[in-house]
Amino acid sequence: ATRVLNFVIRYRKDINEGDLITYQDERGLNDYNIISIQEYKKKSFRMYLIIECEMYSNVVKKWI
């Protein structure tokens with residue numbers, strides 16, 4: 001099984017498909033591989049990115 005999730009962040013130019021995001025969630029610290037990036041503009045003037053990711057590995061990192 002593959003864990004897929006979406007991140008919504010403010011717009012950044014330096015993020016590309018294939019990059020890794022390290023994020024701490026309820027399972028601990030995990031790496032997520034970016035599959036796709038979509039731009040999203042709210043009613044305000046701010047631009048956001050919707051980033052679809054899948055878990056890079058099923059190994060959960062632990063905080064030391």
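Here are some short exercises, with worked solutions, on the predicted model shown above.

**Exercise 1. Getting your bearings**

Find out which elements make up the protein chain and in what order they run.

*Solution.* Start by looking for helices and strands: the protein chain has zero helices and four strands. Next, walk from the N terminus, and the order reads β-β-β-β. Now look at how the chain is covered. Of its 64 residues, 27% count as buried. The surface that the chain exposes comes to about 5100 Å², with carbon and sulfur atoms supplying 50% of it. Finally, turn to the contacts between residues at least 6 apart in sequence: 48% of them join residues at least 24 apart.

**Exercise 2. How confident is the prediction?**

Work out in which strand the confidence is lowest and in which it is highest.

*Solution.* Begin with the chain as a whole. Its pLDDT averages 82, and 86% of the residues score at least 70. Then go to the strands. Strand 2, residues 20-25, has the lowest confidence, with a mean of 85. Strand 4, residues 47-55, has the highest, at 91.

**Exercise 3. The aromatic rings**

Search the whole structure for aromatic pairs, and describe how the rings meet.

*Solution.* The search turns up two pairs. Take F7 and Y23 to begin with: their ring centres are 5.1 Å apart and their planes stand at 75 degrees. An angle over 60 degrees counts as edge-to-face, and that is how this pair is classed. Now place the two residues on the chain. F7 sits in strand 1 (residues 4-10) and Y23 in strand 2, with 16 residues separating them, so the pair links distant parts of the chain.

Then ask how well each ring is covered. F7 has a relative accessible area of 10%, so F7 is buried. Y23 has a relative accessibility of 39% and therefore counts as partly exposed.

The other pair is F7 with Y32. Here the centres lie 5.7 Å apart and the planes are again at 75 degrees, so this pair is edge-to-face too. Y32 belongs to strand 3 (residues 28-41), 25 residues away from F7, and this pair also links distant parts of the chain. Like F7, Y32 is buried.

As a last step, put the pairs together: F7, Y23 and Y32 form one aromatic cluster.

**Exercise 4. A hairpin and a buried asparagine**

Describe how strand 2 and strand 3 are joined, then decide whether N30 is buried or exposed.

*Solution.* Follow the two strands side by side. They run antiparallel, and six bridges join them. Between them lie two residues, and the strands form a hairpin. One of the bridges is easy to find: D25 has G28 of strand 3 as its partner. Now move along to N30, which is also in strand 3. Its relative accessibility is 0%, so N30 counts as buried. Look at what its side chain meets: a polar atom there lies 3.3 Å from the backbone oxygen of G28.

**Exercise 5. D19 in its loop**

Find where D19 is placed, and list the residues it contacts beyond its neighbours within four places in sequence.

*Solution.* D19 is in the loop between strand 1 and strand 2. With a relative accessible area of 29%, which falls between the 20% and 50% cut-offs, D19 is partly exposed. Setting aside the neighbours within four places, its contacts are D14, Y32, N33 and I34. One of these, Y32, is 13 residues away along the chain, and the C-alpha atoms of D19 and Y32 are 8.4 Å apart. Its side chain also reaches the backbone nitrogen of N16, at 2.9 Å.

**Exercise 6. S36 and its surroundings**

Locate S36, then say which residues it touches, leaving aside its neighbours within four places in sequence.

*Solution.* Start with the location, which is strand 3. Burial comes next: at 18% relative accessibility, under the 20% cut-off, S36 counts as buried. Its contacts, without the neighbours within four places, are E17, I50, I51 and E52. To finish, check E17 more carefully: E17 is 19 residues from S36 along the chain, while their C-alpha atoms are 5.8 Å apart.

Methods
Residues numbered from 1 in each chain as written. Predicted model: local features only at pLDDT ≥ 70, side-chain atom pairs only at ≥ 80, totals over all residues. Heavy atoms only, no water. pLDDT = per-residue confidence, 0-100. Phe/Tyr/Trp six-rings, centres within 6.5 Å; stacked < 30°, edge-to-face > 60°. Buried < 20%, exposed > 50% of the residue type's maximum accessible area, 1.4 Å probe, protein only. Contact = heavy atoms within 4.5 Å. Areas by Shrake-Rupley, 256 points an atom, 1.4 Å probe, with all protein chains shown as cover. Polar contact = N/O pair within 3.5 Å; in protein donor to acceptor, adjacent residues only side chain to side chain. Pairing = 2+ DSSP bridges.
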